[in-house]
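Please look through the sequence and the structure shown here before reading on. The paragraphs that follow begin with a single residue and then turn to the core and the ligand.

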Amino acid sequence: MLDPASASALDDDFPRYAGAGYFPHAANDCGQSVNALVSELTSPEFANALGEHLGIARLSQYPPLVTICRSLNLRHGSIHTDSVSKVASLLLYLNPQWPAESHAGCLRFLAQPHDIEATLIPEIPPVYGTLAAFKRTDCSYHGHLPFEGERHVIQVAWLVDAAAKARKTRRGRLSRFVKWVTGRMDRAYGKHRDKNAAHLD
Ligand SMILES: O=C(O)CCC(=O)C(=O)O
Ligand SMILES: [Fe+2]
């Protein structure tokens, strides 16, 4: 999906958030190569081509919301379907390498909400250039084993309408502030999360 020669520019241009988790893309947090990639991923042509793979007609009719993750803590990755306001989700991973024997932080598509071992396909290591995309349904369960540290990802979610996008963007900006304040608490809490935990969004 990505040119290996772009890896170091994308790394340099990747946003440096203070908190862990996904935050709404803002052009001034990122360098040029990340912004150019975001433009490609959100173009109508790309959306429609992806929609064909996913069985969604004219995916470009739905507004894309881009969120970016630089690091995770142990709280992240619990099993969920994505919220009903999402039509389809895309994850593009940008980590130069991932420890070969480590399952932590590898994306899993799952048959049910309470068993992280119930994989439908082999887990997906979040390495540079790997793209995972799926149609959101009431059973699009996914998650990963707890991981703490740097894990670079660009996420695009095509949302049902512009109101959903405005709501999620507002919430995401607020959470950037809250996550900065509560980062320490969050890390402490995350340590106790069960690997099979699920959440609703
Ligand atoms: O980071 C990932 O691999 C998955 C993230 C995810 O499922 C989400 O943010 O809804
Ligand atoms: Fe998700």
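Is A18 buried, exposed or partly exposed, and why? A18 is partly exposed because 13 other C-beta atoms lie within 10 Å, where 20 or more would make a residue buried, 12 or fewer exposed, and anything in between partly exposed, with C-beta atoms placed from the backbone. This is a predicted model, in which local features need pLDDT of at least 70 and side-chain atom pairs count only at pLDDT 80 or more, while totals for chains, interfaces and linings use all residues. Residues are numbered from 1 along each chain as its sequence is written, and chains are lettered from A and ligands numbered from 1 in the order in which they are written.

A18 sits in the loop between helix 1 (7–12) and strand 1, helices (H or I, at least four residues) and strands (E, at least two) being DSSP runs numbered from the N terminus.

The largest nonpolar core, a set of buried Ala, Val, Leu, Ile, Met, Phe, Trp, Tyr and Cys residues joined through C-beta atoms within 7 Å, has 30 residues, and L92, I154 and W158 have the most contacts inside it. Two or more residues each come from strand 1 (22–24), helix 2 (32–41), strand 2 (64–72), strand 3 (86–93) and strand 7 (149–159), with strand 7 giving the largest share, six residues.

Around ligand 1 are Y22, D82, L91, L107, H142, H144, V153 and Q155, each with its C-beta atom, placed from the backbone, within 6 Å of the ligand.
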